[in-house]
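Hi,

Here is the structure I promised to pass on. Have a look at it first, and then read my notes underneath.

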Amino acid sequence: MPVTALARNSHTPTAAILTSAASTQSHSAVAQPVGRLHLGRRVDNRPESLATWLVTTSQSSIAVAVADHFDVAHARAVAAADGEIEVMTRTPTMRIVVNAEAITANMRRWGQGRLVHHCDGTVFLSPPTAAGSHCGCPPSMTDRKALAKAGRGPHPSVTVDFRLAQLPGLGVFRFQSASWKLAESLPTVRAALDATGGEALCELAIQRVDVPVGGGSHLAYRMPVLTVLGPWG
């Protein structure tokens, strides 16, 4: 089944385009979050790194609001079982509203399609029979990263639930990442959030990193950076 492309520069209003494209999707109630933020996706079953934020949602009203508010490259309804709508923005930064309780982080390792290690870096979080017992992970992030790279340790799993600062009434969105740099920054981020005494205005940015690999060549990748700007409101 082909993907229906929704060009942003179409003569048809965005709201009408997206509402029409979503007409074949299920209108059953959607639990929180109302949408998700991505800095990567899969195209033809291959990972693709993105330079600007991709918003996905199964609710046409959310897609319309995002597409009409942000500078958008395109919006399209994806022919998939979950009936998602993709809104590709042209912005590498998002102003978001966050509090400390909305950020969770743990360590996960998957094997043969199942979760084989789930901890907080000190003790297991699951399964129930192991929860609370020592997980065996080294204390430093550097050593944990080395074990993960060798295939013998878990990777970070960071979840940030937030509202869009420019559209706070839309509801809660979610961003998930396995970035080591983001995980390493969380103590600083949480301290800054605690200092605001409540909700904080933050910036979630996609940052390009160039790593020299010799011979004048560079390896480029993108990572998320979360910065606390100050109190919200």
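Below is what I found, going from the whole chain down to single residues.

First, a caution: this is a predicted model. The protein chain averages a pLDDT of 84, and 84% of the residues score at least 70. The start of the chain is another matter, since pLDDT stays under 50 over residues 1-31. The model still has 51 contacts beyond four places in sequence for that stretch, but I'd read them with the low score in mind.

Now the overall picture. The protein chain has four helices and 13 strands. Of its 233 residues, 39% are buried. If you take contacts between residues at least 6 apart in sequence, 61% of them join residues at least 24 apart. The chain exposes about 12,700 Å², with carbon and sulfur atoms supplying 53% of that.

A good place to start is strand β5, residues 85-89. Five of its five residues are buried, so the strand is largely enclosed by the rest of the structure. Ile85, Val87 and Thr89 point one way from β5, while Glu86 and Met88 point the other way. β5 runs antiparallel to strand β3 (residues 46-57), and four bridges join the two. Across that pairing, threonine 56 stands opposite glutamate 86.

Next, the charged pairs. A search of the whole structure turns up seven salt bridges. Here are some that caught my eye:

- Aspartate 71 pairs with arginine 90, with the closest N and O atoms 3.1 Å apart. Aspartate 71 is in the loop between α2 (60-69) and β4 (72-77), and arginine 90 is in the loop between β5 and β6 (93-98), so this salt bridge ties together parts that are 19 residues apart in sequence. Arginine 90 is partly exposed, at 47% relative accessibility.
- Arginine 95 and glutamate 203 meet at 3.7 Å, N to O. Arginine 95 sits in strand β6 and glutamate 203 in strand β12, so here the parts tied together are 108 residues apart in sequence. Both count as partly exposed, arginine 95 at 40% relative accessibility and glutamate 203 at 24%.
- Glutamate 199 and arginine 163 form a salt bridge at 2.8 Å, N to O. This pair links distant parts of the chain, 36 residues apart: glutamate 199 is in the loop between α4 (180-196) and β12, and arginine 163 is in strand β10 (residues 155-164). Glutamate 199 is partly exposed, at 33% relative accessibility.
- Arg41, Glu48 and Glu86 are joined into one network by salt bridges that share partners. You met Glu86 above as one of the buried residues of β5.

Is cysteine 137 buried or exposed? Cysteine 137 is buried, with a relative accessible area of 11%. You'll find cysteine 137 in the loop between β9 (124-126) and α3 (141-149). Leaving aside neighbours within four places in sequence, cysteine 137 is in contact with His117, Cys119, Gly121, Arg144 and Pro154. Glycine 121 is 16 residues away in sequence, yet the two C-alpha atoms are 5.7 Å apart in space.

Last, the surface. Val211, Val213, Leu219 and Tyr221 make a nonpolar patch of about 350 Å². Strands β12 (200-214) and β13 (217-231) each supply at least two residues of the patch. Valine 211, in strand β12, counts as partly exposed at 32% relative accessibility.

Cheers

Definitions and conventions: Residues are numbered from 1 along each chain as its sequence is written. This is a predicted model: local features need pLDDT of at least 70, side-chain atom pairs count only at pLDDT 80 or more; totals for chains, interfaces and linings use all residues. Side-chain values use heavy atoms; hydrogens and water are left out. Buried means under 20% relative accessible area, exposed over 50%, partly exposed in between (1.4 Å probe, protein chains only). Two strands pair if DSSP finds at least two bridges between them. pLDDT is the predictor's confidence in each residue, from 0 to 100. Contact means heavy atoms within 4.5 Å. Patches are made of residues with over 30% relative accessible area and no salt bridge: like charges are joined within 9 Å, nonpolar side chains (Val, Leu, Ile, Met, Phe, Trp, Tyr) within 5 Å. Accessible areas come from the Shrake-Rupley method with a 1.4 Å probe; for residues, only the protein chains shown count as cover. A salt bridge is a side-chain nitrogen of Lys or Arg within 4 Å of a carboxyl oxygen of Asp or Glu.
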